[in-house]
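Hello,

Here is the structure I promised to pass on. Please open it first, then read my notes below.

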Amino acid sequence: PDHDEVEQEFSSYETTYPNLAKLHSIGESVLKRNINVLQVTKDVDKERELGKPMFKWVANMHGNEVVGRELVINMAKYLLTNYGQDERVTRLLNTTDIWLMPSLNPDGFAAAREGECTGMSSGGVGRENANHVDLNRNFPDQFRDGQDQESLLKGREPETLAAMTWIVSNPFVLSANLHGGSVVASYPFDDSRKHKEYGYYSAAPDDAMFKHLATIYASNHLTMHRGNLCPGDNFPGGVTNGAHWYDVPGGMEDYNYLHSNCFEVTFELSCCKYPKREELATEWDNNKESMLRYMEATHFGVHGLVKDQSGQPLADAVISV
């Protein structure tokens, strides 16, 4: 479906499932298309329950990498139609505030062509936004850019700024960034101070947790865990540190981790970036269990409220483990 059709479909969910679905736009693309995101959770029409964690899917930031876009559209429908019927889905929506973005780059998607497979070695038509900028090189970079406000905002595309604002304005806990051109789960950091082209393991402070999250997706995926599905791929267990694979300055997953509360892992979902539509049903089968397990991982770790003796919440509390 094209951009307008997805917008209409998501809008119709608001009417059909008023307590479960709400359509938002986080901003506009260069060509003034809405960057839509569907919020799906129980009591979506009410204020978010204190302590209910937020999760997000972000797909298609490279407009010609379309498998993730289709999966997000499918998952929205799956969650809504199975709520109250399927125990697992019901529990997920009762306890988790889920946000589904089919495309961060709707202009790129509109320019992309079905059946064009170009792998990791070349970009392809529609990868970039309408200003011919790669959005996954356009976020502030910890090793390249200054940390002051001016440096953070300088030279950012409208899609990037919309995503940055959305990320820092909401307490997301976990996120997935969906790509194509390979089949692997790639976790932070995506680059290093050395900017060595490949082969340098750039570990984040939470490296073990990131590897665990990547492994949850890869090990539950029907093929990703093999790690050798596309030409040149050799990823034990179907996971890799981003920079060890190749250096990506200005990526979105590192921005999430460094500037917000959110852990994001990048999932490369297919050797062919824009497969024929008849192949997409197979991709849903490949990814469905991984997607459910990954959303459930939002609930890992310690959670709760820090209060004083009179039961009032304490600001700026530091918890040491």
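A word on naming before the notes: helices and strands here are DSSP runs, numbered from the N terminus, with at least four residues for a helix and at least two for a strand. Keep in mind that this is a predicted model.

**A loop residue with a distant partner**

Start with K276. It sits in the loop between strand 8 and helix 10. K276 is partly exposed, because its relative accessibility is 40% and that class lies between the 20% and 50% cut-offs. Which residues does K276 touch, leaving aside those up to four places away in sequence? They are E114 and G115. E114 is 162 residues away from K276 in sequence. In space, the two C-alpha atoms are 6.0 Å apart.

**Helix 10 and its neighbours**

Now follow the chain into helix 10, residues 280–296. Two packed helices are described by the angle between their axes and the distance between the axes. I have two such pairs for you.

The first is with helix 7, residues 207–220. The two axes come within 7 Å and cross at roughly 150°. Angles over 145 degrees count as roughly antiparallel, so helix 7 and helix 10 are roughly antiparallel to each other. The crossing is right-handed. On the helix 7 side, the contact is made by L213, I216, Y217 and N220. On the helix 10 side, they meet N286, N287, E289, S290, M291, R293 and Y294. Sorted by class, that contact has five nonpolar, four polar and two charged residues.

The second is with helix 3, residues 87–95. Here the axes are 11 Å apart, and the angle is about 35°. The crossing of helix 3 and helix 10 is left-handed. R88, R91 and L92 come from helix 3. Their partners in helix 10 are E289, L292, R293, M295 and E296. By class, this contact has three nonpolar, no polar and five charged residues.

Look at E289 and R293 while you are there. Both appear in the contact with helix 7, and both appear in the contact with helix 3.

**Strand 5 and its partners**

Next, find strand 5, residues 172–179. Is it mostly covered or mostly open? Seven of its eight residues are buried, so to speak of it as mostly covered is fair.

Strand 5 pairs with strand 3, residues 54–59. The two run parallel and are joined by six bridges. One bridge to look for links V58 to N177 in strand 5. Strand 5 also pairs with strand 8, residues 263–270. This pairing is parallel as well, over six bridges. Here L178 has F267 in strand 8 as its bridge partner.

**Backbone oddities**

Most residues other than glycine have a negative phi, and most peptide bonds are trans. Three places are worth a look against that background.

- D43 is not a glycine, yet its phi is positive, about 60°. It lies in the loop between strand 2 (34–40) and strand 3. D43 is partly exposed, at 30% relative accessible area.
- D316 is not a glycine either, and its phi is positive, about 55°. You will find it in the segment after helix 10. D316 counts as exposed, at 76% relative accessibility.
- The peptide bond from P188 to F189 is cis, with omega near -5°. F189 belongs to the loop between strand 6 (182–187) and helix 7.

Best wishes

Methods
Residues are numbered from 1 along each chain as its sequence is written. This is a predicted model: local features need pLDDT of at least 70, side-chain atom pairs count only at pLDDT 80 or more; totals for chains, interfaces and linings use all residues. Side-chain values use heavy atoms; hydrogens and water are left out. Axes are lines fitted to C-alpha atoms, for helices over the stretch in contact, and angles run from 0 to 180 degrees between N-to-C directions. Angles under 35 degrees count as roughly parallel, over 145 as roughly antiparallel, 65 to 115 as roughly perpendicular and the rest as oblique. A crossing is left-handed if the near helix is turned anticlockwise from the far one by less than a right angle, and right-handed if clockwise. Contact means heavy atoms within 4.5 Å. Ala, Val, Leu, Ile, Met, Phe, Trp, Tyr, Cys and Pro count as nonpolar, Asp, Glu, Lys and Arg as charged, and the others, Gly among them, as polar. Buried means under 20% relative accessible area, exposed over 50%, partly exposed in between (1.4 Å probe, protein chains only). Two strands pair if DSSP finds at least two bridges between them.
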